[in-house]
Amino acid sequence: MAPGAVRRARRRARGTPPAGARAQSARSAEDWWWDRLAPSGSGYHLLQSDSMLLVLPDPGPVRAQRRAPRRAPRPQLSGTRAAARPKPAPTPEQGPDSGWGDRIPLEILVQIFGLLVASDGPMPFLGRAARVCRRWYQAASQPALWHTLTLLAPQAGRPGKDGAKAEKKLLTSLEWLMPNRFSQLQRLTLIHWKSQVHPLLKLVSEHCPRLTLLKLSDCHGVTPDTLVMLAKACPQLHSLNIQHSMVESTAILSFLEEAGPRMRKLWLTYSSQTTAIVGALLLRPCSQVLRLLNLMWLPKPSGRAVTLSPGFPGLEELCLASSTCNFVSNEILGRLLHDSPNLRLLDLRGCARITPAGLFDLPCQDLEQLHLGLYGMSDRLILIKEGSPLLTQKWCHSLRELDLSGQGFIEKDLEQALAAFSTIPGSSHPPLCSLNLRGTRVTPSTVSLPCSHSSVISSCPGLLYLNLESCRCLPRGLKRAYQGSEAIQWCLEQLLTSLPSAS
């Protein structure tokens with residue numbers, strides 16, 4: 001018998017399966033592992049390569065091709081038997097998985113976008129989110145998300161003709177965006193618009209009735225008709241910021257006549273018509289916040305008695321700050337605030353003509369922030385003053401921020417003023433949290449005596465900022481700003497330690 005025949009006979013005797021059976025058993029084991037890793041109906045399929053095994057979603061043709069064994073084609077039946085056998089219904093083809101973004105309801109997606117817009121603003125997030133998919137585009141297109149908008153004129157700083165063409169091109173796009181995206185706009189800022197301010201504000205008045213704040217920065221061509229049209233079409237408009245913009249005084253006056261008492265905030269910078277604007281404001285009490293920066297108001301003296309205007313009964317913040325010496329006096333301040341009992345913030349930085357006696361006569365009793373700093377002035381222009389105790393005696397129970405930097409109060413006067421914070425009647429502590437004494441005549445003895453500056457720190461546990469920069473009477477190494485209660489307490493200890501050497 002041949003050797004090959006002998007080996008085959010031995011295999012039959014031992015029960016060893018032939019080569020075809022071994023291949024079939026190997027395939028069944030492989031199929032078992034595939035079923036364990038990605039069972040049918042799990043929503044995944046396997047993709048095998050030389051060095052890795054990938055588990056991917058969307059079960060489909062890849063796994064079917066990998067597992068399906070080859071079968072011999074069946075002979076086609078003929079006659080009545082083939083006709084009687086029904087044909088299987090075609091299975092619908094499953095498209096690719098659209099992802100989790102399409103499974104989120106549109107209302108929930110809009111709320112998520114609203115949280116991001118509230119923290120970072122609508123741009124550039126909404127513009128980028130609209131390019132992700134159709135569902136995100138629908139969510140990003142909701143007008144409720146576009147409540148704040150800043151429009152910078154294209155090609156700002158370019159020659160006039162190029163800038164005008166670019167503004168017209170952008171205005172064409174805004175003609176569609178205003179009714180479809182910005183219908184619920186509340187705050188609008190325009191920067192460097194020169195030639196198309198009137199057409200743009202006309203679009204805003206037609207499609208944005210919920211506008212509450214308008215800011216024009218470095219804009220030209222604002223006419224009275226423009227602002228009046230906006231005031232009529234936007235009944236909720238209560239804040240106007242026209243700093244650093246060329247706006248006619250007649251436009252502001254017409255706007256105030258139309259806006260009426262709903263105006264709360266108005267920001268202005270100095271112009272040749274500031275006197276007329278302020279005069280109009282005095283005749284129309286309408287604001288809660290009034291900011292007049294770099295004011296140079298020079299009213300002409302009148303021989304007749306000046307009748308007081310209605311004032312600002314609802315005014316809460318007044319800013320007359322100036323970077324240079326201005327001519328705001330006690331008389332002007334009294335005319336502005338003679339009927340403002342609810343004033344909370346008074347910013348008079350740079351107003352060197354204001355005295356403590358003039359401030360003491362104001363009707364407001366619960367002032368929280370008082371800024372009297374003199375910045376950028378030489379020592380020769382700072383006159384020696386007295387009367388700082390009048391300020392602290394009147395408002396020590398309510399002051400949270402006090403700025404006396406650069407003021408020429410004498411040492412004893414400052415000592416009495418700061419002692420008022422430790423003599424508040426009752427057991428409550430003063431709410432003072434910021435004290436700026438930069439460039440004043442405060443001395444170590446001022447902080448060492450009882451009921452003096454040392455008591456200010458101990459009596460004001462909420463004091464978190466103390467500025468002692470450029471105080472010539474203090475020892476070196478301590479003339480700086482301190483932030484935090486620990487740093488302020490360390491400064492007090494150092495000043496008390498240096499007192500004997502100073503005396």
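Me: Where along the chain is the place of Gln-184?

Reply: In this predicted model, Gln-184 is placed in the loop between H8 and S4. Its C-alpha atom is separated by 5.9 Å from that of Arg-210, a residue 26 positions apart from Gln-184 along the chain.

Me: Why does Gln-184 count as partly exposed?

Reply: The relative accessibility of Gln-184 is 26%. Buried requires under 20% and exposed requires over 50%, with partly exposed in between. The value of 26% lies between these limits, and therefore Gln-184 counts as partly exposed.

Me: What makes Asp-218 and Lys-194 a salt bridge?

Reply: The closest N and O atoms of Asp-218 and Lys-194 are 3.1 Å apart. The criterion is a side-chain nitrogen of Lys or Arg within 4 Å of a carboxyl oxygen of Asp or Glu. The pair satisfies that criterion, so the contact is called a salt bridge.

Me: Why is this pair said to tie together separate parts of the chain?

Reply: Asp-218 sits in the loop between strand S5 (213–217) and helix H10 (224–233), whereas Lys-194 sits in the loop between strand S4 (187–191) and helix H9 (197–207), so the bridge joins parts that are 24 residues apart in sequence. Asp-218 is partly exposed at 24% relative accessibility, and Lys-194 is partly exposed at 36%.

Me: How many salt bridges does the structure hold?

Reply: The structure holds four salt bridges. Among them is the pair of Asp-347 and Arg-349, with closest N and O atoms 2.5 Å apart. Another one of them is formed by Glu-469 and Arg-438, at 3.3 Å between the closest N and O atoms.

Me: Which parts of the chain does the pair of Glu-469 and Arg-438 link?

Reply: Glu-469 lies in the loop between strand S16 (465–467) and strand S17 (481–483), and Arg-438 lies in the loop between strand S15 (434–436) and helix H17 (444–448). These are distant parts of the chain, 31 residues apart. Glu-469 is partly exposed at 29% relative accessibility, as is Arg-438 at 32%.

Me: Why is Asp-347 called buried, and why is Arg-349 called partly exposed?

Reply: Asp-347 has a relative accessibility of 4%. Buried means under 20%, so Asp-347 meets that condition. Arg-349 has a relative accessible area of 32%, which lies between 20% and 50%, and therefore Arg-349 is partly exposed.

Me: What makes Leu-432 buried and Pro-431 partly exposed?

Reply: Both Leu-432 and Pro-431 are found in the loop between H16 and S15. Leu-432 has a relative accessible area of 0%, under the 20% cut-off, so Leu-432 is buried. Pro-431 has 27%, which falls between the limits of 20% and 50%, and so Pro-431 is partly exposed.

Me: How far apart are the C-alpha atoms of Leu-432 and His-397, and those of Pro-431 and Glu-401?

Reply: The C-alpha atoms of Leu-432 and His-397 are separated by 8.6 Å, with the two residues 35 positions apart along the chain. For Pro-431 and Glu-401, 30 residues apart in sequence, the C-alpha separation is 8.8 Å.

Me: What makes Ile-112 eligible for the nonpolar patch on the surface?

Reply: The patch is formed by Ile-108, Ile-112 and Leu-116, with about 220 Å² of accessible area together. Ile-112, in helix H5 (residues 106–120), has a relative accessible area of 38%. Patch residues need over 30%, so Ile-112 passes that cut-off.

Me: Which residues line the largest cavity, and how do they divide by class?

Reply: The lining includes Leu-348, Cys-351, Ile-354, Lys-385 and Phe-409. By class, there are seven nonpolar, two polar and one charged residues. Lys counts as charged, so Lys-385 supplies the charged member. The cavity has a volume of about 60 Å³, and the search of the whole structure finds two cavities of 30 Å³ or more.

Me: Which elements give two or more residues to the lining of the second largest pocket?

Reply: The second largest pocket has a volume of about 290 Å³. Strand S3 (148–152) and helix H8 (160–180) are the elements that give two or more residues to its lining. Of the 14 lining residues, Met-123, Trp-146, Leu-149, Leu-151 and Phe-182 lie nearest its centre. The lining divides into nine nonpolar, four polar and one charged.

Terms used. Residues are numbered from 1 along each chain as its sequence is written. This is a predicted model: local features need pLDDT of at least 70, side-chain atom pairs count only at pLDDT 80 or more; totals for chains, interfaces and linings use all residues. Side-chain values use heavy atoms; hydrogens and water are left out. On a 1 Å grid over the protein atoms alone, a cavity is a set of points where a 1.4 Å probe fits but cannot get out, and a pocket is an open set with protein on both sides within 12 Å along at least five of seven lines; lining residues have an atom within 4 Å of a point. Grid points are joined across faces, edges and corners, and a volume is the space filled by probe spheres set on the points. Patches are made of residues with over 30% relative accessible area and no salt bridge: like charges are joined within 9 Å, nonpolar side chains (Val, Leu, Ile, Met, Phe, Trp, Tyr) within 5 Å. Accessible areas come from the Shrake-Rupley method with a 1.4 Å probe; for residues, only the protein chains shown count as cover. Helices (H or I, at least four residues) and strands (E, at least two) are DSSP runs, numbered from the N terminus. Buried means under 20% relative accessible area, exposed over 50%, partly exposed in between (1.4 Å probe, protein chains only).
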